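Let's take a walk through this protein together, starting with the whole and ending with a few details. Have the structure open as you read.

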Amino acid sequence: MVNVDIQQDWNFSTVVTRLRAAGCVYAEDEARLLMAEAKTPVQLAAMIDQRAAGFSLEQIIGWAEFCGFRIEVDPEVFVPRRRTEFLVTQAVNIIRPGDIAVDLCCGSGAVGAVLASTQEKIKLYAADIDPKAVKCASRNVTARGGRVYEGDLYEPLPKILLGRVNLLVANAPYVPTDAIGMLPAEARLHEDRVALDGGEDGLDIQRRIAAGAAACLAPGGHLLVETSERQALQTLEIFNANGLLSRVVSSSELDATVVIGTRTAL
């Protein structure tokens, strides 16, 4: 609902016009959200200026809708993409009550938070190397009974998890370094580079995750990683080279690709 005081200073069409001039494709939808979230006309003006400067809508209003849930998002933290909902769908199809799940490169904690909301009896752990992401994820994940750790991939996780994880999920950075300059400004300028840069071919972090997966996973446990359609066969080869029985699944609707690897039972 639009704040009445704001509506007196800013009418809907004026906000839409400002947003369209800034290049916002969905100006009407964004105007409604900004006018609903702003507490004062001054705050709304500042929010419109931020959007015009290229900040993502989610970082401005402080939350993103993801898989039907509201996920808190802080400035500079990676905003969960709609395509990643396909990764969550695949994970939900696999996870079972009582399972141990780990969300690596968790960012805002969106993937893990939805898993814990969907299957409430899991034991959830999440980790990210970016302290800003960890701070944000802590609110989303701990509210749903999980724990968040700061550090590089597996390093900060409790050692007791070794060989016991049933589901390992990662939306790791997979943009090649040279391609970052071609990303939309809201990602390129306003999300931490560590959440985007996957190295020369975009697969450096995936290689490290796959290399440590066997030691982390329980027999029969699964590793799920989001990747691009172009990179999928390379990701599959990386999984196979690390002893995981692997397959590629994709969604044309969401333009999403996930590689699923399974540690074979002993």
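Of the 266 residues in this protein, 52% count as buried. Keep in mind that you're looking at a predicted model. What about the overall build? The chain folds into 11 helices and 9 strands, and its C-alpha atoms fill a box of roughly 70 × 40 × 30 Å along the principal axes. A compact globule with 266 residues would have a radius of gyration near 18 Å, and this protein has 20 Å, which agrees.

How do the parts of the chain meet? Take the contacts between residues at least 6 apart in sequence: 62% of them join residues at least 24 apart. On the outside, the accessible surface comes to about 12,600 Å², and 52% of that belongs to carbon and sulfur atoms. As for charge, you'll find 26 positive and 34 negative side chains, with the centres of the two sets 5 Å apart.

Now zoom in on a hairpin. Strand S1 (residues 63-66) and strand S2 (residues 69-72) run antiparallel, joined by 4 bridges. One pairing to look for is Glu65, whose bridge partner in S2 is Arg70. There are 2 residues between the strands of this hairpin, and Cys67 takes a positive phi there, near 55 degrees.

From the hairpin, move along to helix H6, which covers residues 84-94. Is it enclosed or out in the open? Since 8 of its 11 residues are buried, H6 is largely enclosed by the rest of the structure. The buried ones are Thr84, Glu85, Phe86, Leu87, Val88, Gln90, Ala91 and Ile94. As a rule, an α-helix makes a turn every 3.6 residues, so residues three or four places apart point the same way. And what does the covering? Strand S1 from the hairpin is part of the cover over the buried residues of H6, which also includes helix H7 (110-118) and the strands S6 (165-170), S7 (217-227), S8 (244-251) and S9 (256-263).

Our last stop is a single residue, Ile129, in the loop between strand S4 (123-128) and helix H8 (131-142). Is Ile129 buried, exposed or partly exposed? Its relative accessibility is 43%, so it counts as partly exposed, given that the partly exposed class runs between the 20% and 50% cut-offs. Leaving aside residues up to four places away in sequence, Ile129 touches Glu150, Gly151, Asp152 and Val194. You can also look for Cys106: it sits 23 residues from Ile129 along the chain, and their C-alpha atoms are separated by 9.0 Å.

Key: Residues numbered from 1 in each chain as written. Predicted model: local features only at pLDDT ≥ 70, side-chain atom pairs only at ≥ 80, totals over all residues. Heavy atoms only, no water. Rg over C-alpha atoms; globule rule 2.2 N^0.38 Å. Buried < 20%, exposed > 50% of the residue type's maximum accessible area, 1.4 Å probe, protein only. Contact = heavy atoms within 4.5 Å. Areas by Shrake-Rupley, 256 points an atom, 1.4 Å probe, with all protein chains shown as cover. Lys, Arg positive; Asp, Glu negative; His and termini not counted. Charge placed at Lys NZ, Arg CZ, Asp CG, Glu CD. Pairing = 2+ DSSP bridges.
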